[in-house]
Amino acid sequence: MAKKKNGLGKLVGALLGLVVGLVGGFYGLVWLTIPNTEDVTVTDETYFSKGESKVDASIDVGDADISIHFLELGNKYTGDCTYIKAGDADILIDCGSKSNSVSTVASYLSGYVTDGILEYVIVTHAHQDHYAGFATSSKIDSIFDMFDCEVVIDFAGTANGKTDTAMYKRYAENLKNSGATHYTALDCIEGNNGATSTFELSENITLNILDSFYYANPDKSNENNNSVCCMFTQQVADGESKNFLFTGDLEKEGEEYLCSLNDLPKVDLYKAGHHGSRTSSSKNFIDIIQPEVVCVCCCAGSSEYTTVAENQFPTQEFITNVGVWTDEIYVTTMCIDYKNNEFTSLNGNIVYMSTDSGYNVKCSNNNTKLKDSDWFANSGRVWPTTQAAA
């Protein structure tokens, strides 16, 4: 009996060893072959490369002088990515939210960037949800690999410890290898290395890098305040102009400096700062720019950053400050169940189109304003009852 038991134990041990070996070999293979980057879901789309077949864009921009596209990024995470077509110039501001968003972004861009050239790329600051698509590992093509990027304008400084991270190092290496002309926002403001703060995109459209206190004095504790801020201006009939404002994730203190350092006009379009958080789009700032249309790049109601419902994007403070000036607020994505990876389009890809005589907003899912959406009705958010006097 003792010998029988001992033989069975050896057999079981051998089988377990075989199973462990097979499992270990499989995970060893996976470890060696998957991209070494944050939160990547490995799919065929992750390895989307320059020159491969791509999906055409679905929204016709017609005869717009400038079209501004706020992209959904193919996952449940909040992130910024804005494509702008101004005349013949193609511009990209940021590319979040994760490295596996690159294929979604590249597929969308390919329908518009027919020559494969991005004349300008702006990287607002060194947070993953804004620059992951530029900071991929060597196993995933970045935006710098997929498109010829002529001029890159990025943040002038970072928070403590940021330059030591793997993602920042990948970004710096990919940027170096891109061959692009590189300026920081501070270069543009101070005219360093031949840079300028104003770039002519077409006969009637300019890109202006706005001054910010944190270009020369990087915020070492809050990366958001290091964001590159810019304004697109379209000259229209009778000497009038339209203005389209982008502030990255700039927060309240940064917005105060932005107002004091720049003569900010009322804006026709505002990309909501910091995804519609309570720390940005402060009342004094919004009362100065008085936006007509606001687009929010976020996954509404997501618990990615906080489980406190009232602090999830877009927040009540954001709605209160902005809603007194306009009800034309559009949001890209909506969270269904964060833990179970369930999300859906709210408006989807949001495209703002401007001509000499007016503007139009088209979305890939629907054109429902935030206040009229099911998410708003179920979120506990309240629309402001009074409207500000223009």
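**Notebook: loops, a helix and a surface patch**

I began with P314, which lies in the loop between β12 (293-300) and α10 (316-323). The model I consulted is a predicted one. I looked up the bond before P314 and found that a cis peptide bond joins F313 and P314, with omega about -15°.

I then recorded a second cis peptide bond, joining G96 and S97, with omega about 0°. I located S97 in the loop between β3 and α2.

I next turned to helix α2 itself. Seven of the eight residues of α2 (residues 102-109) are buried, so I noted the helix as largely enclosed by the rest of the structure. I listed the buried residues as V102, S103, V105, A106, S107, Y108 and L109. I found that they pack against β1 (66-70), β2 (82-86), β3 (89-93), α4 (143-146) and β15 (350-354).

I looked up the backbone angles in the loop between β11 (269-271) and α9 (283-289), where H274 is placed. Phi of H274 is near 50°, a positive value in a residue other than glycine. S281 lies in the loop between β11 and α9, and its phi is likewise near 50°. I noted for context that most residues other than glycine have a negative phi, and most peptide bonds are trans. I entered H274 as buried, because its relative accessible area of 14% is under the 20% cut-off. S281 is buried, with a relative accessible area of 0%.

Finally, I examined the surface. F213, Y257 and L261 form a nonpolar patch there, with about 240 Å² of accessible area together. I placed L261 in helix α8 (residues 252-261), and I recorded L261 as partly exposed, with a relative accessible area of 40%.

Notes. Residues numbered from 1 in each chain as written. Predicted model: local features only at pLDDT ≥ 70, side-chain atom pairs only at ≥ 80, totals over all residues. Heavy atoms only, no water. Patch = residues over 30% accessible without salt bridge, like charges linked within 9 Å, V, L, I, M, F, W, Y side chains within 5 Å. Areas by Shrake-Rupley, 256 points an atom, 1.4 Å probe, with all protein chains shown as cover. Salt bridge = Lys/Arg side-chain N within 4 Å of Asp/Glu carboxyl O. Helix = DSSP H or I, 4+ residues; strand = E, 2+ residues; numbered from the N terminus. Buried < 20%, exposed > 50% of the residue type's maximum accessible area, 1.4 Å probe, protein only. Contact = heavy atoms within 4.5 Å.
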